[in-house]
Structure formats: structure tokens, C-alpha cells
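Q: Please take a close look at one part of this model and explain how it is placed among its surroundings.

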Amino acid sequence: MAQTLVAGELNVDLILQGYQSFPTLGKEVLVDDCTLTLGSASAICARGLAQLGNTVAFRGKVGPDSYGDFCIGILRAAGIDVSRVIRDSALKTGITVSVSSPTDRALITYLGAIIELREEDLPSSLLKEFNHLHVSSYFLQEKLRPSVRAIFARAHTLGLTTSLDPGFDPSERWGSDIKETLLETDVFFPNEVEAAALSGYQEPAEALKALQNGRTLVVLKLGRQGCMAIEHAEIVQVPAFPVQPVDTTGAGDSFNAGFLHGWLQALPLRECLRYGAATGSLSTLGMGGIGAQPDLETLQKFLKSHP
């Protein structure tokens, strides 16, 4: 089994779930439930990979506070190597408040330590211990972003494969630098909103084609419409699995974990897409990004029941 290093943000999520109307300034609304859980796209993906039996280590930064303890404790309990997590006394651990419904969510984030990971925190001496490097939240990780291409290039020279999830750009500027980064990226995981913003095309198939660079496998996540990618110049599309979601927080990050679980074993593309779609769907059956992430046995049973 490949050894994967996930490098990225580490924070908690406070999920306010089941609103009757979305809050507006000057008014108060009530929600049905709340949960404090592990947040961050990077950590949710790492935990999803570990749930499926992959060997995973995490590199990120937290503050010396209870939120940092909480995040590290959950990763450690999942079997993830947290010895590379940096505790920085000058920082506060980030927090995201998710106002969530069964179909969508809005996020409010205090960045704190989230943006503090830098290129020097990922030296070659660390990378060479692994087979694969995954980075999420490209646009959110402000101090890592300018060097992701260089880090991925070093990773490739050391024999690692690489994957990247852009995440949403809070500034909505969608800088063109990501296209340069993709030249050193093996697998790219945008959702339909991100793909449209990056490509200039609203129609998913056109956006997917526009993002092709002849090097990167672009895997487009489409929520209820499933997912798609291009293989041998043909679009391969897998529909979403029929589930009744409880909370969609982190579903795309769990998708990444499921896809990578198959891809790192060199499974056929369609099977990797099915792994991703199923893992993402199952993750929506509980509160928070990690509350219902499947283990490998659960995932395989689910796939067999949905041929």
C-alpha cells in the first residue's frame, strides 16, 4: 500500500445544521443540530484515506490550544501519523463555522494557522519518505500556494505522485497560477463551481475539456450529477449514488480519498470514479466531514449493492 503524505490546513468545524431559512444581518434563525468536529479539506481527505486502510501521514500547523489538541487527537485515533504536525506557539488553530442543510452549505472561516504552512515545511528529506503527496485548499493556503508547483516538481524527482484539490477561492479572483501548478500535478479534483471559474465554461463537459493540459488527470466532481474525467480523449462519467444526505460537509474531500484509494492501486479509471462517488455519497449520511466516512468493507458492500 502506498504511503501518502497529506500537506495542508488543519482546523475544527462547528456545524450548524438544518436551518429553516438562511440567516441575514440583524435577524436570528434557529437550527436543528450542532456538531464540533474535525474540519479542513486536507484533514478530511487524510482521514478518509486512513479509513480505507491507506498509510497516511499529515503535515500541517496548529496552535497550542484545545482546538489543536482536538484535531490531532482525531487524526491519531484514525491511525494517521501526526508526528509531522507543527505546534506553533505564535498561532491560533483555525475554525470554520458551517451553516449546513442536506443539499448545500455556507462557510465562515477564521484562518489562524490554516495559512501558515510554507515551502520550507516540506523539505525533500520529508517528501522522500512517501509515495504520494496530496494538497487541498490551494487558494486558501496563502503561504504555500506560490510554491506548490515547485514542491510537486521536487516530489516528482523523488518518485512521488501528486494530487491537488483547489477548493473555493474566497477572493473569487481564481488566479492563473494554478494552471502552471497543474503542469506538475498528476490528479486534479475541482468541483463544478471551481471548474467553471477556472475554465470560463459553465457546462461541465466543456469545462473539463478546457482544463486538459496533456499531463494532468482532471477529475470533475458534480455532486448529485456524479463525476467525470477524460480517458483516451473520451469522457468517462459515473452517476451519483442514490442516498438521502444528512450533511454534505466534506463530501468532495471524501470523494478525493475514495478516488485516490483506487488510483494509487492503479485500478481502471471508471472504478476509481465509482470509489470516489461512493465514498463521497456515504460520507453525507452523518454530521460533519468525517462522521460517516466508510471503511473499506462498508465501501465494497455498498459498491456491490449498486452495480
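A: The following account begins with one strand and its partners, then turns to a single residue.

This is a predicted model, in which local features need pLDDT of at least 70, side-chain atom pairs count only at pLDDT 80 or more, and totals for chains, interfaces and linings use all residues. Residues are numbered from 1 along each chain as its sequence is written, and side-chain values use heavy atoms, with hydrogens and water left out.

Strand 1 covers residues 3-7; helices (H or I, at least four residues) and strands (E, at least two) are DSSP runs, numbered from the N terminus. Because four of its five residues are buried, strand 1 is largely enclosed by the rest of the structure. Buried means under 20% relative accessible area, exposed over 50%, and partly exposed in between (1.4 Å probe, protein chains only). Strand 1 pairs with strand 4 in the parallel sense over five bridges, where pairing requires that DSSP finds at least two bridges between two strands. Within this pairing, threonine 4 has valine 56 as its bridge partner. Strand 1 also runs parallel to strand 9 (residues 132-135), joined to it by four bridges, and there threonine 4 stands opposite histidine 132.

Strand 4 (55-59) leads to glycine 60, which lies in the loop before strand 5 (61-62). Glycine 60 counts as buried because its relative accessibility is 0%. Leaving aside neighbours within four places in sequence, glycine 60 is in contact (heavy atoms within 4.5 Å) with Gly8, Arg84, Val85, Ile86 and Leu117. The C-alpha atoms of glycine 60 and leucine 10 are separated by 6.2 Å, although these residues are 50 residues apart along the chain.
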